[in-house]
Amino acid sequence: MKVTLDQDKCVASGQCVVAADDVFDQDDDGIAVLLDPAPPSARADDVQQAAAVCPALAIRIQD
Amino acid sequence: MTSTVSTEGAHAPSAPEFPMPRAAGCPFDPPPALKSEQELGSLRKVRLWDGTTPWLVTRYADQRALLADPRISADVTRPGYPSPTPLRGASFSFILMDDPEHARQRRMVTAPFTIKRVEAMRPAVQKIVDGLIDDMLAGPPRADLVQAFALPVPSLVICELLGVPYTDHDFFQENSKTLISRSAAPEQRGAAHANLTGYLDELMGHKIARPADDLLSGLGTRVEAGELSRREAAEMGVLLLLAGHETTANMIALGTLALLEHPDQLALLRGTEDPRAVAGAVEELLRYLNITHGGRRRVALEDIEIGGEVIRAGEGVIVPNDIGNRDPEVFTDPDRLDLGRDARRHVAFGFGVHQCLGQPLARMELQVVYSTLYRRVPTLRLDARLEEVPFKHDGSVYGVYELPVAW
């Protein structure tokens, strides 16, 4: 899977980090940072969860 | 404020009044009339206190789509905005503004709410929770859990984070109670707002003169740099102080009552030390209880089509998360409190760019509370009949005024 993150949209909810902290992190102001744009398929559920709970719809996933 | 009274659109002539009353004996459930509206359709018309008839959005999927839609405005000063109460010339904080100004101001206060910073506060919150329970257990075996525990926990935490002296808590708790009460007269709410803004403004002066390592001092630096007026900084302080304790305090007290009324679910929580299970239980309590029961208020900037209906530009929109979180298309058997379910997709904190800023802090506080209170006070019980408990039907945040408990 391929993950993209639009930092301009991010509202620093941090919920992507809670869902998958090996794929997402936050900078000092809480803006999300993408650690792994191509996470292994075993992480698919958590990354899907991260995208689903992102209030800013800033995370996109391509299979 | 001018309001657009819409006489067009489906169901307007017979639009039910909003907010609607809850059913006696079902204090944890959304109003039955609200559930009926959800069954009738996703987009409904309701009538507000001022006679206006904004749209009510009842289904979870449409609620999320609308709250994330850039064609929707949170600007309270726009004609058509469905205000829950009469407006009286106060100034407003960024939750009632649109981007880019909303984003600019919000980003000034996001730093303390990152997951890492919040996790770093967990031991301090645990200490606060343990200390309050020690005090409770040292006294007589009965208390009002709101005053003894539910209110002090988040109040101590937000005071520490903001740099507000906790010794002033009687003052700001009294004023914030009035500010969010629907039954208070507009003049009373205006006075409470002025009291709180004045207090924060004075405190801001101290922070600018003598900065410390807290959020208000950080805002003081922005004021000095000319990025923010002192008035705006004070308004942000009021918002954070208010949001920081009214919401979490009500989740603690109402959640405790809900658990005491569902002993099988309480047993699950008492029996686990797994942080994931506790975190899951907190999400389910947030979904089930929905303390922000007045709905998110918006106004359409353009025509927006949803499921065959069109919200016209300038029309008000109300998005009640309580009914969205009970949408049977998303949550199986939604009216059942089930701490074992995956409830993480709930909209208790709202959705879109205005989603609650303090949610990581609220979650952590609730996780500490719910994993500690029932373990340390295993015999905790309600010291009244359920129908004697005074519920906050009149507030913009739902909960209980008092919770008599014994152990």
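L43(B) stands opposite V57(B) in β2(B), in a predicted model. Three bridges join β1(B) to β2 (residues 55-57) of chain B, and these strands run antiparallel. Here strands (E, at least two residues) and helices (H or I, at least four) are DSSP runs, numbered from the N terminus, and two strands pair if DSSP finds at least two bridges between them.

Zooming out, five strands of chain B form an open sheet with mixed pairing, in the order β1-β2-β8-β5-β3. Its edge strands are β1 (43-45) and β3 (72-73) of chain B, each of which pairs on one side only.

Now for some backbone geometry worth a look. Most peptide bonds are trans, and most residues other than glycine have a negative phi. The table gathers the exceptions described here.

| Feature | Value | Place |
|---|---|---|
| cis bond F18(B) to P19(B) | omega near 0° | P19(B): segment before α1 (32-40) of chain B |
| cis bond D99(B) to P100(B) | omega near 5° | P100(B): loop between β3 and α3 (101-106) of chain B |
| positive phi, A12(A) | about 65° | loop between β1 (2-5) and α1 (15-19) of chain A |
| positive phi, N290(B) | about 50° | loop between α13 (275-289) and β5 (296-300) of chain B |

A12(A) counts as buried, at 4% relative accessibility, and N290(B) is buried too, at 2%. Buried means under 20% relative accessible area, with a 1.4 Å probe and protein chains only.

A note on conventions: residues are numbered from 1 along each chain as its sequence is written, and chains are lettered from A and ligands numbered from 1 in the order in which they are written. In this predicted model local features need pLDDT of at least 70, side-chain atom pairs count only at pLDDT 80 or more, and totals for chains, interfaces and linings use all residues, while side-chain values use heavy atoms, leaving out hydrogens and water.

Key. Buried means under 20% relative accessible area, exposed over 50%, partly exposed in between (1.4 Å probe, protein chains only).
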